[in-house]
Amino acid sequence: MKHMSLREITSACGGTYYGNEASLSTEVTGVAIDSRKIEEGFLFIPIKGARVDGHDFIPGVMEKGALCTLSEKVLENADFPYILVDSCQDAMKAIASHYRTALSIKVVGITGSVGKTSTKEMIASVLSQKYNVLKTAGNFNNEIGLPLTIFNIREEHEVAVLEMGINHFGEMHRLTKMAQPDICVITNIGLCHLEFLGDRNGVLKAKTEMFDYMQPNAKIILNGDDDKLITVGEVKGSVPKFFGLSTEHDAFATDIHSMSLKGTGCTLHLGDKAIETVIPIPGHHMVYNALAGALVGQELGLTVEEIKAGIEALVPVSGRNNLIETESLLIIDDCYNANPVSMKASLDVLATADNRKVAIMGDMFELGVNEKELLNGCGRHAAEKEIDVIVCIGELAENMADGANAVVSEGSSTSTVYHFATKADFFTAANKLFQKNDAVLVKASNGMKFPEIVEYLKKLNL
């Protein structure tokens, strides 16, 4: 890692250096908060967790070859360099911001209520046709994960695609101060984290904090079909570009047609250029991701051929609309997280399946005062889409079951609805719920740990 000497690190985080003065000019080779990932020459940042204090691992990481460690307390008789700081987490963010400032790399920042990860994957796939791309791995999109992603940027990388997730006011401000994006992408303003952000106007305010520390002359790319985002005007001299289905947008799509669970065909329009393509992941919402990817690709100089190739090279990630075909079932693994908007979108995908359709839906959290109404609406949507079997798991999910049963009672659906209070109850009855070749959607908030259900289904022999 260049530009990361101990002197620079100490200055960047406002810490006090203790150790051999000669080492101040030495550059660290990497940064880690996990003692198991320490390598020769690394900087260790000990984070205090709910159960474990990283400071307890300082002696061990120094023995493994770490160059230096941060610390929130004086280390008596230390025979190795360390930097004393008030808060290791705040210091880590300050160091990440310094490192980002020293890089010439282009950064694409992505946020939104729904579809951040799938849009990130789409944009990275497109840009990889021309550039060496680093992208956010897994769920490293918060105030601990984002700096670690930034520290992974190396000299060979030409573009970084960084996902930024929040649930409180002020968080995006802090994330953007680290990322300093050259291109800001917002997917939508939906019904998530309402417990903390109040309503969609609050979500809009929190998400658009993204513009606080964007680069001078940064580009802004927004979903123009979103009634909140379309209200965003010029920001610091940057006029947003919009994508969506309206022909008035800078990028729009026509000829959209479902190919069942095999994907979605469409024609993307960028100015006077048209791109006929097949998105290899099903779902109408993937068209929006492709449009965002196309606009970002255009901004960074890709040809229409490169954009098309990147869209068609997209590979799903685990827990994100990932199709898993077993001898018994076709599983749509979308269990990483959920909110009412993404749940309905996933149900729309399931509804395109040719086989018998089963939806396994679990609790969704942080929905605020309208929680019951929002959950009930998801259950109604499942029944209205004629999902054959609707399985609702969890205390909150009973509201989804009630919504689905209401539609059935009205005579508007033939769905069969089940509610289980716990996953254990579901597993007890699961063998009787499925038939061979069923298409099965699995989706809930991350805290429900639904990957356990995916693993169960993968082993199910019908």
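## Exercises on salt bridges and cores

Glu72 is partly exposed, with 27% relative accessible area. Keep in mind as you work that this is a predicted model.

**Exercise 1.** Find the salt-bridge partner of Glu72 and work out which parts of the chain the pair ties together.

*Solution.*
- Start with the partner: Glu72 pairs with Lys48, and their closest N and O atoms are 3.5 Å apart. A salt bridge needs these atoms within 4 Å, and the pair meets that cut-off.
- Next, place both residues. Glu72 sits in the loop between β4 (68–71) and β5 (82–84), while Lys48 sits in the loop between β3 (42–44) and α2 (58–63), so the bridge ties together parts 24 residues apart in sequence.
- Finally, check the accessibility of the partner: Lys48 has a relative accessible area of 48%, so it is partly exposed, as residues between 20% and 50% are.

**Exercise 2.** Arg200 forms salt bridges with Asp226 and Asp227. Describe each pair, then decide whether each aspartate is buried or partly exposed.

*Solution.*
- Take Asp226 to begin with: its side chain meets that of Arg200 at 3.6 Å, N to O. This pair links distant parts of the chain, with Asp226 in the loop between β10 (219–223) and β11 (241–244) and Arg200 in helix α8 (residues 200–207), 26 residues apart.
- Asp226 has 7% relative accessibility, so it counts as buried; the cut-off for buried is under 20%.
- Now turn to Asp227, which meets Arg200 at 2.8 Å, N to O. Asp227 also lies in the loop between β10 and β11, and is 27 residues from Arg200 in helix α8.
- At 46% relative accessibility, Asp227 is partly exposed.
- For a wider view, Asp90, Lys93, Glu143 and Arg174 are joined into one network by salt bridges that share partners. The whole structure holds 20 salt bridges.

**Exercise 3.** Locate the largest nonpolar core, name the helix that gives the most to it, and follow the contacts of Met361.

*Solution.*
- The largest nonpolar core has 88 residues, and Met361 is one of those with the most contacts inside it, along with Met4, Leu43, Ile45, Phe151, Phe211 and Ile390.
- The top contributor is helix α3 (residues 88–101), which gives six residues.
- Beyond its neighbours within four places in sequence, Met361 touches residues including Met343, Leu347, Ile390, Val391, Met400 and Phe450. Lys443 is also among the contacts of Met361.
- Look for a second, separate core too: this one has 36 residues, including Met122, Ile123, Leu127 and Ile311.
- As background, nonpolar side chains tend to be buried together in soluble globular proteins.

Note on methods
Residues are numbered from 1 along each chain as its sequence is written. This is a predicted model: local features need pLDDT of at least 70, side-chain atom pairs count only at pLDDT 80 or more; totals for chains, interfaces and linings use all residues. Side-chain values use heavy atoms; hydrogens and water are left out. A nonpolar core is a set of buried Ala, Val, Leu, Ile, Met, Phe, Trp, Tyr and Cys residues joined through side-chain atoms within 4.5 Å. Buried means under 20% relative accessible area, exposed over 50%, partly exposed in between (1.4 Å probe, protein chains only). Helices (H or I, at least four residues) and strands (E, at least two) are DSSP runs, numbered from the N terminus. Contact means heavy atoms within 4.5 Å.
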